[in-house]
Amino acid sequence: MKSGILNFYKFYAEERSYFIHFYDVKDQIDRAKNGDPSAQSSLAFRYYEGDVVEKNLSESAKWFLLATKNGSDDTNSLVRLYEKGERSDDLVNWLQKSPSASFEIAKMFSKGTGIEINQIEADRWFLLAMNNGNSSSDL
């Protein structure tokens, strides 16, 4: 009998937790749509991880880009999306204009970190980084 009651409470706690997270996401979406960069970043991470929402790298990129435009520094997250295979036009355009992001992608192609080694692509991204003002000695 005790195990039945414990299972019920465990189920209740899990369901309650899900609903709390569901309402947190609804609130995040509302705040994100109203331009809150913190909510936009949090929502983007939820889409990246598939946390309470369905995993969707395109949606993640969309929200990280909006957060970045509103003052959040999500460069590393945007680079990770590229590494995971997200290649939306908006994402690639943003990455190509960012000195630090283009430098990180160049290193990924050069070293094969999370992506297949491709020296031609590495050189192209290093050149973008340099043209965008990255004067790192690693170039």
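**Close-up views of an all-helix predicted model**

**View 1. A charge over a ring: Arg87 and Tyr82.** Let's start with Tyr82, whose ring has the charged end of Arg87 sitting over it, 3.6 Å from the ring centre. Please keep in mind that this is a predicted model. Is Tyr82 buried or exposed? With a relative accessibility of 5%, Tyr82 falls under the 20% cut-off and therefore counts as buried.

**View 2. The ring pair of Tyr82 and Phe109.** The protein has 4 aromatic pairs. In one of them, the ring centres of Tyr82 and Phe109 are 6.3 Å apart and the planes meet at 75 degrees; since an angle over 60 degrees counts as edge-to-face, this pair is edge-to-face. The two partners come from distant parts of the chain: Tyr82 belongs to helix α4 (residues 75–83) and Phe109 to helix α6 (residues 99–111), with their positions 27 residues apart in sequence. Phe109 is buried too, at a relative accessible area of 7%.

**View 3. The ring pair of Tyr82 and Trp125.** Here we stay with Tyr82 and turn to another partner, Trp125. How far apart are the centres of these two rings? They lie 5.6 Å apart, and their planes are at 65 degrees, so this pair is edge-to-face. Because Tyr82 lies in helix α4 and Trp125 in helix α7 (residues 119–131), the pair ties together parts of the chain that are 43 residues apart in sequence. Both Tyr82 and Trp125 are buried. Taken together, ring pairs join Tyr82, Phe109 and Trp125 into a cluster.

**View 4. Helix α3 from end to end.** Helix α3 covers residues 57–69. Does its length fit or contradict the expected span? At 1.5 Å a residue, its 13 residues should span 18 Å, and the C-alpha atoms at its ends are 18 Å apart, so the two values agree. At the N-terminal end, Asn56 acts as the cap of α3, with a side-chain oxygen 3.0 Å from the backbone nitrogen of Ser58. After α3 comes Gly71, which has a positive phi near 105 degrees. The buried residues of the helix are Ser60, Ala61, Trp63, Phe64, Leu65, Ala67 and Thr68.

**View 5. The surroundings of Thr68.** Zooming in on helix α3, we find Thr68, which is buried with a relative accessible area of 16%. A polar atom of the Thr68 side chain is 2.8 Å from the backbone oxygen of Phe64. Which residues does Thr68 touch once neighbours within four places in sequence are left aside? They are Asp74, Leu78 and Trp94. For Leu78, the C-alpha to C-alpha distance from Thr68 is 9.5 Å, and the two residues are 10 apart in sequence.

**View 6. Stepping back to the protein chain.** To place the close-ups in context, the chain holds 7 helices and 0 strands, running α-α-α-α-α-α-α from the N terminus on. Of its 139 residues, 32% are buried. Among contacts between residues at least 6 apart in sequence, 43% join residues at least 24 apart. The exposed area of the protein chain is about 8700 Å², with carbon and sulfur atoms supplying 51% of it.

Technical notes:
Residues numbered from 1 in each chain as written. Predicted model: local features only at pLDDT ≥ 70, side-chain atom pairs only at ≥ 80, totals over all residues. Heavy atoms only, no water. Phe/Tyr/Trp six-rings, centres within 6.5 Å; stacked < 30°, edge-to-face > 60°. Helix = DSSP H or I, 4+ residues; strand = E, 2+ residues; numbered from the N terminus. Buried < 20%, exposed > 50% of the residue type's maximum accessible area, 1.4 Å probe, protein only. Lys NZ or Arg CZ within 6 Å of the ring centre and 35° of its normal. Expected span 1.5 Å × (residues − 1). Polar contact = N/O pair within 3.5 Å; in protein donor to acceptor, adjacent residues only side chain to side chain. Contact = heavy atoms within 4.5 Å. Areas by Shrake-Rupley, 256 points an atom, 1.4 Å probe, with all protein chains shown as cover.
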